[in-house]
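Here's a quick briefing to read with the model open in your viewer. It goes topic by topic, so jump to whichever part you need.

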Amino acid sequence: MSKAEQLYRLQLLDTDLDRARKQLREIESALASNPAVTHAQAELATAQKTRMGAANDVKSLESEARSQEEKLKADEDRLYTGKIKAPKEMIDLQREVEVLKKHRAEMDETLFAAMLVLEEAVAAEKNCRDALDQATRHWQEDSVSLRQTRDQLKDRITADEEKREAICVSIPRGDLEIYTALRTKRASGVAVALVKGGACSQCGESPSSVLLQHARTGSSLALCSGCGRIMFVG
Ligand SMILES: [Zn+2]
């Protein structure tokens with residue numbers, strides 16, 4: 001077995017571990033929150049605000065209508081009980097009653113329009129609530145299979161980590177340090193390049209025959225002249 005072979009086996013395992021850990025992170029984040037649910041929650045919050053505003057409008061219009069109605073009733077009582085004797089006062093009161101009646105008709109229209117707005121806001125809020133329920137249900141359904149995949153991934157990672165420890169025991173410390181340093185430097189995390197058909201599988205460089213021989217039988221690790229990775233001749 002060449003010096004690089006154990007490192008190559010370690011590399012395959014680490015690549016698999018990197019992939020599994022990345023997938024695990026993605027699943028954990030998909031289980032923690034869901035964009036469709038978050039969006040539906042925001043829509044519902046807006047719809048609730050609109051509905052509360054519309055309800056407040058109706059409430060204050062109703063209260064205004066009530067006080068106008070009371071004033072009108074009081075004026076009419078005064079007018080028809082015959083307590084007012086002065087003609088000018090009588091005319092003024094009659095005018096006021098007419099104005100109040102006109103206001104009441106306008107108020108009825110305004111109130112009716114506000115009630116329609118409220119009705120629409122209530123319906124819109126219900127739609128948003130239904131959409132949120134549906135998004136939550138879908139998320140929960142998806143979460144069942146996501147949790148299963150998560151558990152399988154965790155088991156696989158634990159098993160791979162155990163295998164990794166077993167491999168590492170048989171690799172000289174210095175080689176392991178070179179491997180770790182190269183892996184940290186590379187975004188891909190690939191420190192060992194398989195050399196196949198005389199070319200590096202990572203950068204395409206064809207190493208010299210001397211270097212190839214060194215990679216096969218040398219007492220130290222051979223690094224690719226193109227990408228600097230540890231060469232493993234397969
Ligand atoms: Zn290379």
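Buried means under 20% relative accessible area, exposed means over 50%, and partly exposed is what falls in between. Keep in mind that this is a predicted model. With those cut-offs, R104 comes out as partly exposed because its relative accessibility is 33%. We'll get back to its salt bridge partner below, after a look at the domains and the sheet.

**Domains**

- The protein chain splits into domain 1 (3-11 + 172-233) and domain 2 (33-169).
- Between the C-alpha centres of domain 1 and domain 2 there are 66 Å.

**The sheet and the helix across it**

- You'll find an open sheet of 3 strands, ordered β2-β1-β3, with mixed pairing.
- At the edges sit β2 (199-200) and β3 (230-233), each of which pairs on one side only.
- Strand β1 (residues 192-196) and β3 run parallel, and 4 bridges join them.
- Want to trace that pairing by residue? L194 stands opposite F232 in β3, and A193 has M231 as its bridge partner in β3.
- The β3 side chains go two ways: I230 and F232 point one way, M231 and V233 point the other way, and all are buried.
- Helix α5 (residues 209-217) lies across β1 and β3, and runs at about 80° to β3.

**S209 in helix α5**

- S209 is a residue of helix α5, and it counts as exposed because its relative accessibility is 58%, over the 50% cut-off.
- S209 and S225 sit 16 residues apart in sequence, and their C-alpha atoms are 12 Å apart in space.

**Salt bridges between helices**

- How many salt bridges are there? The count comes to 21.
- E28 and R150 make one of them, with their closest N and O atoms 3.9 Å apart. E28 is in helix α1 (residues 3-32) and R150 is in helix α3 (residues 87-169), so this pair ties together parts 122 residues apart in sequence.
- In that pair, E28 counts as partly exposed because its relative accessibility is 31%, whereas R150 counts as buried because its value is 18%, under the 20% cut-off.
- R51 forms a salt bridge with E125, and here the closest N and O atoms are 2.5 Å apart. The pair links distant parts of the chain, with R51 in helix α2 (residues 35-80), E125 in helix α3, and their positions 74 residues apart in sequence.
- Is E125 buried or exposed? At 8% relative accessibility, E125 counts as buried, while its partner R51, at 25%, counts as partly exposed.
- E69 pairs up with R104 in a salt bridge whose closest N and O atoms are 3.0 Å apart. This one also links distant parts of the chain: E69 belongs to helix α2 and R104 to helix α3, 35 residues apart.
- E69 counts as partly exposed at 35% relative accessibility, and R104 counts as partly exposed at 33%.
- D14, D18, R164 and R183 are joined into one network by salt bridges that share partners.

**A buried arginine with no salt bridge**

- R186 is in the loop between α4 (173-185) and β1.
- What is the nearest side chain of opposite charge to R186? That is E205, 12 Å away, and R186 is buried yet has no salt bridge. A salt bridge needs a side-chain nitrogen of Lys or Arg within 4 Å of a carboxyl oxygen of Asp or Glu.
- Not counting residues up to four places away in sequence, R186 touches C227, G228 and R229.

**Q11 in helix α1**

- Q11 is found in helix α1, and it counts as buried because its relative accessibility is 3%, under the 20% cut-off.
- Which residues is Q11 in contact with, leaving aside its neighbours within four places in sequence? They are Y179, R183, G189, V190, A191 and V192.
- Two names in that list turn up elsewhere in this briefing: R183 belongs to the salt bridge network with D14, D18 and R164, and V192 falls within strand β1 (residues 192-196).

How values were computed: Residues numbered from 1 in each chain as written. Predicted model: local features only at pLDDT ≥ 70, side-chain atom pairs only at ≥ 80, totals over all residues. Heavy atoms only, no water. Pairing = 2+ DSSP bridges. Contact = heavy atoms within 4.5 Å. Axes fitted to C-alpha atoms, helices over the stretch in contact; angles between N-to-C directions. Buried < 20%, exposed > 50% of the residue type's maximum accessible area, 1.4 Å probe, protein only. Lys, Arg positive; Asp, Glu negative; His and termini not counted. Domains from an automatic or database assignment.
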